[in-house]
Amino acid sequence: MITGQMFRDGIISGANNISNSRQAVDALNIFPVPDGDTGTNMSMTISAASREVSSLDDDASISEVSKRCASALLRGARGNSGVILSLIFRGFSKAFRDIDEASSADVAKAFRMGCEAAYKAVMKPTEGTILTVVRKAAEAAEYTAEFEADPLEVCFAALQTAKEALAQTPELLPVLKKAGVVDAGGQGFILILEGFQSVFENGAIVQAIGESVKPVETPSKSIVAEASGDIEFGYCSEFLIEKAENAQESDPLKLRAYLESIGDCVVVVDDDSIIKVHVHSNCPGNVIQSALKYGQLINIKIDNMRYQHRNAELGVEKGKSPVQPKVLEPENKYGFVTVCVGNGLEELFKDLGADAIVSGGQTMNPSTDDIFNAIMQTPAKTVFVLPNNKNIIMAAEQAIPLVKDREVRVLHTKTIPQGISALLAFDDTLEADENQMTMTEMAQAVETGQVTFAARDSEVDGKPIKEGQIMGLLNGKIKFIGEDKEEIAFKTVDKLIKRNVHSMVTLIFGEDVSEEDAAKVEQRLSEKYKNEIEISVVNGGQPIYYYIISVE
C-alpha cells in the first residue's frame, strides 16, 4: 500500500528532481522567444505543493496529503504547463479521497482521473504533448492493476510507459521531430514521477542540488517581526544565476545598479560561473526578468516580508493557515485586474481603470494565487481579469472557483495591446455580458507586433536564428530577423499596417530602448504614412520586449 508519508515524500522528491533539471526542460522549448519556460513553470508549481505538504506528520493519510497537495498546486500553478500539472494532481486527490492508504486499484483510478481532468481543461487537446504522456501512463496503470496487487508495481508500469510515450512525441508532433527534441511538458511530468519512484523504490528523497550553498544572510523572522509594519520594500528575492555564454548582459555591476534603483539591501556576488543575488523590492517580477538577461536562474526564493511581519505579530505557527492578504469588500459594480510588467505599462493600465496590477509577463508567469489575491483586493461585484498573455489565461481561469463573493470573468487577452484595447472598449452603462462581448471583440481586432531577442538558437521556416538576434513578431509569428532593433521595429509596424483599414499605431518602448531611438522609428513611420496614420509613442518600461506595437 502507498501511505500518506510515501506520497508526501514523493511530492518533495519530485519537486526537487524537476528543480534540478528544469534548465534542461526549458531548453526543450523550440520557440526562441523568451517566455515562461515549461521547466521553470512546472518546477515552481510543484514546489508550492512541496512546501505545503512538508509540514504534515508521518501518520497523515494519503487523502489528507493529496488534498493539501492539490490545493497548493491550484494556487501555485504558473503557465499552461503548471495548470495542467495541477489538474493531474487534482485528479489524484479525488481518487484518494477518504482513504488512508492507496491500493493498486486506487492508483489506477488516480491516473485515470488525473488524465481526464487534464484533457477537459484544454479546448483543443494536442497529441504529442504532456497529455499523451499522462494518457499512456493511465492506460498502463489500469491494465497493470487488473492482475497486480502491489500498487508500487502499478506506479512503475505507468512510469515506464510514460517514458516510452515521451520518446514517441516527436512522431506525433512534426515540429518536435524537426527540432530533434521531445515534448517539454511530458519530460517535466516524467521527472516528477521519477522523484516519486526514488521514494517508492529506494526510500530516498531526491535532494535539491545547491542545498549546500550557503544562502545570502537575510533578517530572521524575529527581526522582521520587530521591525516597523511600514516596510518600504516588501519582497525579499534570493537566487543564483548560472551565467550563459551568449547572455544578453554580462556585467554584474549593471545588474547591481538596476536593483539598487528599484530596491535596497542589494547583494550581487560574482564568480566564474555563478552570480548570487539578494534584493528587497516591490516588484519581484522585474527583479527576475532583469536577472534572466545574464543566464538561467536556480534556487529562487521570494518572501513577502510584510506578510511575514503580520504573521509573526499574530503568532502564526508552522502548519497553520497563514493570514490572508487584505480583502476589499465588493462595493463597486465593476473592477479590473490586469497582468503586466514595467512602470510605464502599470501606470497606463491604472489610468485606463485597472484596480489591481499583477506583476508578470512572458518570463515570469504569475501564479493562480497571485491573480486570486488581486481579485480579492478589487472592490467590485464583477471583476474582469486581463491576462495579456496566452500562457497566463489558464492560471487566471483556475482562480474563478476560488472566489466566492464576487463574479470573475477572464477575458482571453493574449497581448498587452489586446488588454489596452479591451479596457478602452469598456462601457459602465452596459451589463457584464455585453461588456465582455464588446471588450473581447475589440481585443481580437487589434494587430500586435513585438520586437525582442532570440533566447536560444532555433530555426523558423527553414531560416536559422542565433541566440541574441533581434526578432520581429506579427501576432505571435516570427517574420523578421536582424541585428538592429529599430530597423526591425519599423519593418514590423510597416508589415502590420493596412492602408484604408488602420488609422492608429501605438509604439510602446521598453526599458532597453531610449526615447531618442523610439523617436527615430516614429519619424520613419510619419514620413512614410504622413497624415494617414496617427502614431503615439509610450514609455512602457517593460523588460524583454524592446517594442510592443498596437495597430488599430
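In what order do the 6 strands of the open sheet with mixed pairing stand? Hold on to that one for a moment, everyone, while I set the scene.

What you see is a predicted model, where local features need pLDDT of at least 70, side-chain atom pairs count only at pLDDT 80 or more, and totals for chains, interfaces and linings use all residues. Residues are numbered from 1 along each chain as its sequence is written, and side-chain values use heavy atoms, with hydrogens and water left out.

Now, back to the sheet. The order is S13-S12-S9-S16-S14-S15. Strands here are DSSP runs of E with at least two residues, helices are runs of H or I with at least four, and both are numbered from the N terminus. Two strands pair if DSSP finds at least two bridges between them. In general, strands of a sheet pair through backbone hydrogen bonds, either parallel or antiparallel.

At the edges stand S13 (477-482) and S15 (534-539); each has a single partner strand, so one side of each is left without a neighbour in the sheet. From one strand to the next, the twist averages 15°, with axes as lines fitted to C-alpha atoms and angles running from 0 to 180 degrees between N-to-C directions. If you look at S14 (residues 504-509), 6 bridges join this strand to S15, and the two run parallel. One place to find that pairing is Phe509, whose bridge partner in S15 is Asn539.

Let's move to an open sheet of 4 strands, with parallel pairing and the order S6-S5-S7-S8. Its edge strands, S6 (356-359) and S8 (407-410), each pair on one side only. Here the twist averages 20° from one strand to the next.

Please look at S5, residues 332-340, which pairs with S6 in the parallel sense over 4 bridges. S5 also pairs with S7 (residues 380-386), again parallel, over 6 bridges. Thr338 shows both contacts nicely: its bridge partner in S6 is Ile357, and its bridge partner in S7 is Leu386. For Val339, the partner in S6 is Val358. Why is S5 largely enclosed by the rest of the structure? Because 7 of its 9 residues are buried, meaning under 20% relative accessible area, where exposed is over 50% and partly exposed lies in between (1.4 Å probe, protein chains only).

Next, the cysteines. A disulfide is a covalent bond between the sulfur atoms of two cysteines. The cut-off used here is a pair of cysteine sulfur atoms within 2.5 Å, and a search of the whole structure finds 0 disulfides. Take Cys69: the closest cysteine sulfur is in Cys155, 14 Å away, too far for a bond. Cys69 is buried, at 1% relative accessibility. For Cys115, the closest cysteine sulfur is again in Cys155, but at 16 Å, so that is too far for a bond as well. Cys115 is buried too, with a relative accessible area of 2%.

Finally, the cavities. On a 1 Å grid over the protein atoms alone, a cavity is a set of points where a 1.4 Å probe fits but cannot get out, and lining residues have an atom within 4 Å of a point. Points are joined across faces, edges and corners, and the volume is the space filled by probe spheres set on them. The count is 2 cavities of 30 Å³ or more, and the largest has a volume of about 190 Å³. Among its 15 lining residues, Phe111, Cys155, Leu193, Phe196 and Phe200 are the closest to its centre. H9 gives the largest share of that lining, 4 residues. Thanks for listening!

How values were computed. 1 Å grid on protein atoms, 1.4 Å probe; cavity = no way out; pocket = protein on both sides within 12 Å on 5 of 7 lines; lining within 4 Å.
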